[in-house]
Amino acid sequence: MLKVFILFILLIAGVVLGPMIAGHQGYVLIQTDNWNIETSVTGLAIILIISLLVILAVEWLLRRVLRTGARTRGWFTGRKRRRAQRHTQSALMKLAEGDHRQAEKLLSKDADHADVPVANYLLAAEAAQQRGDEVRANQHLERAAELSESNTIPVEIARTRIQLARNEDHAARHSIDRLLEVAPRHPEVLRLAEQAYIRTGAWSALLDILPAMQKAQVGDDLHREALQQQAWLGLMNQAMADQGSDGLKRWWNTLSRKTRQDTTLQVAMADHLIECNDHDTAQSIVLEGLKRHYDDRLVLLMPRIKSGNPEALEKALRQQIKQHGATPLLHSTLGQLLMRHGEWQQAAEALQQALEQRPDAFDYAWLADVYDRLHRPEEAAKMRREGLLLTLKNNPNG
């Protein structure tokens with residue numbers, strides 16, 4: 001641009017100076033309807049040069065004015081940004097102190113000029129929710145949604161967290177389902193999904209996210225196993241509530257063999273079947289469980305089972321005694337089963353062996369009843385006395 005300007009000046013100078021040096025300035029006539037302008041070539045050249053200089057001066061002046069305006073706007077914008085940064089830093093300290101009212105005020109003030117306006121509005125929304133102001137929390141959420149543009153995941157996570165805090169469980173479930181479609185392995189989404197699914201009883205959905213929780217390392221193995229157990233038990237309760245014993249058995253048969261071999265599920269399933277008065281199926285599950293793995297919880301269910309084949313339970317107990325030794329629980333359980341069948345002498349022997357290993361108020365009471373049946377009142381009275389003393393010893397304030 002500068003080179004063109006210099007070349008233009010040289011050309012004009014040649015036009016002007018050339019005739020002057022030669023003594024011939026020429027003649028220029030500009031004629032309109034109302035005006036006649038007469039001048040020499042030299043005069044016209046001077047007019048053009050002056051006009052050009054005026055245009056350049058105006059351009060320079062405008063540029064300076066506009067630059068000054070931009071600098072002024074930049075100064076004001078920078079001032080607001082610096083103030084927003086100070087407010088954000090102070091708000092974070094207030095959040096740490098638990099002063100949610102002041103934190104929300106500082107976070108929302110000049111939030112549009114903060115480094116990350118969406119983050120300010122989301123934190124302000126959660127602070128407002130913490131102090132119970134749902135209207136302000138919703139306003140901050142909507143403003144954050146307007147500013148988030150394409151990345152709406154942080155906004156939806158905050159919205160779901162607030163919904164859970166308000167106990168709007170089904171709304172949170174709906175939000176979680178949408179989030180899982182776009183961020184199926186997001187750790188915070190999975191943690192919120194766990195809460196929403198447990199609160200709404202969405203046990204199948206909870207089971208579905210467990211593999212993603214493992215890949216995203218959300219919780220440890222024990223936590224995920226506990227969630228799996230909780231989900232299975234939830235589905236079991238739903239099946240029993242919907243269709244009773246028949247529904248329970250149909251649901252049980254849909255599970256894989258590995259799942260049916262889980263002892264905790266076997267115990268829960270047998271317990272549910274006993275409640276449904278399906279003692280035969282409960283007994284088969286308990287016996288199948290004991291064949292694969294001994295567990296005290298399965299043994300504790302035996303006295304409650306009233307099946308048409310009680311001999312199978314007694315046989316299983318004697319087999320467990322051979323394999324695992326004469327434990328108090330096994331002998332006590334065997335004694336209770338023998339009492340039910342009227343085998344009083346054998347029941348007395350089993351209960352005596354249980355009491356020899358550890359005192360138990362219930363075993364004393366049962367043995368006293370057995371002695372009554374055997375017409376041994378003195379021993380029965382002694383057992384009741386021992387049971388009472390043990391109860392008083394274990395419950396001195398009772």
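Colleague: Why is Arg161 called partly exposed?

Modeller: Arg161 has a relative accessible area of 27%. Buried needs a value under 20%, and exposed needs one over 50%. The value of 27% meets neither condition, so Arg161 is partly exposed. Keep in mind that this is a predicted model.

Colleague: Where is Arg161, and which residues does it contact, leaving aside neighbours within four places in sequence?

Modeller: Arg161 sits in helix α6. With those neighbours left aside, its contacts are Glu126, Glu188 and Leu192. Each of these counts because heavy atoms lie within 4.5 Å. As for Val189, it is 28 residues from Arg161 in sequence, while the two C-alpha atoms are 9.6 Å apart in space.

Colleague: Glu156 has a charged side chain. What makes Glu156 count as buried?

Modeller: The relative accessibility of Glu156 is 18%. The cut-off for buried is under 20%, so Glu156 falls on the buried side. Glu156 is also placed in helix α6. Not counting residues up to four places away in sequence, Glu156 touches Arg178 and Leu179.

Colleague: What makes Asn167 exposed?

Modeller: Asn167 has a relative accessible area of 57%. Exposed means over 50%, so the label applies to Asn167. Asn167 belongs to the loop between α6 (153-165) and α7 (169-182). Its phi is near 65 degrees, a positive value in a residue other than glycine.

Colleague: How do you know that Gln217 is exposed?

Modeller: By the cut-off of over 50%, the 67% relative accessible area of Gln217 makes it exposed. Gln217 is found in the loop between α9 (203-215) and α10. Here too phi is positive in a residue other than glycine, with a value near 55 degrees.

Colleague: Why is Gly335 called buried?

Modeller: Gly335 has 0% relative accessibility. That is under 20%, so Gly335 is buried. Gly335 lies in helix α16 (residues 328-340). Not counting residues up to four places away in sequence, Gly335 touches Ala347, Ala350 and Leu351. Gln353 is 18 residues from Gly335 along the chain, and their C-alpha atoms are separated by 9.5 Å.

Colleague: How do you know that Val118 is buried?

Modeller: Val118 comes to 16% relative accessibility, which is under 20%, so Val118 counts as buried. Val118 is part of helix α4 (residues 117-130). Outside the residues up to four places away in sequence, Val118 touches Ala144, Leu147, Ser148 and Val155. Val118 and Arg143 are 25 residues apart in sequence, with a C-alpha to C-alpha distance of 7.9 Å.

Colleague: What makes a group of residues a nonpolar core?

Modeller: The members must be buried, must come from a set list of residue types, and must be joined through side-chain atoms within 4.5 Å. The largest such core here has 72 residues, and Ile176 and Tyr197 touch the most other members. Helix α10 (residues 221-254) gives the largest share of this core, nine residues. A second, separate core has nine residues, including Tyr121, Leu122, Leu141 and Ala144.

Colleague: What does Ile176 touch, not counting residues up to four places away in sequence?

Modeller: Ile176 touches Thr160, Val189, Leu192, Ala193, Ala196 and Tyr197.

Colleague: What makes a residue part of the lining of the largest pocket?

Modeller: A lining residue has an atom within 4 Å of a pocket point. By that rule the largest pocket has 13 lining residues, and Leu287, Lys291, Ala316, Gln319 and Gln320 lie nearest its centre. The space in this pocket is about 270 Å³. Both α13 (279-292) and α15 (310-324) supply at least two residues of the lining. Helix α15 gives the most, with seven residues.

Colleague: How many residues of each class line the largest pocket?

Modeller: The lining has five nonpolar, five polar and three charged residues. Gln counts as polar here, because that class takes in the residues outside the nonpolar and charged lists.

Colleague: How many residues does the whole chain have, and what share of them is buried?

Modeller: The chain has 398 residues, and 38% of them count as buried. Its secondary structure comes to 19 helices and two strands. The chain exposes about 24,000 Å², with carbon and sulfur atoms supplying 54% of that area.

Key. Residues are numbered from 1 along each chain as its sequence is written. This is a predicted model: local features need pLDDT of at least 70, side-chain atom pairs count only at pLDDT 80 or more; totals for chains, interfaces and linings use all residues. Side-chain values use heavy atoms; hydrogens and water are left out. On a 1 Å grid over the protein atoms alone, a cavity is a set of points where a 1.4 Å probe fits but cannot get out, and a pocket is an open set with protein on both sides within 12 Å along at least five of seven lines; lining residues have an atom within 4 Å of a point. Grid points are joined across faces, edges and corners, and a volume is the space filled by probe spheres set on the points. Buried means under 20% relative accessible area, exposed over 50%, partly exposed in between (1.4 Å probe, protein chains only). Accessible areas come from the Shrake-Rupley method with a 1.4 Å probe; for residues, only the protein chains shown count as cover.
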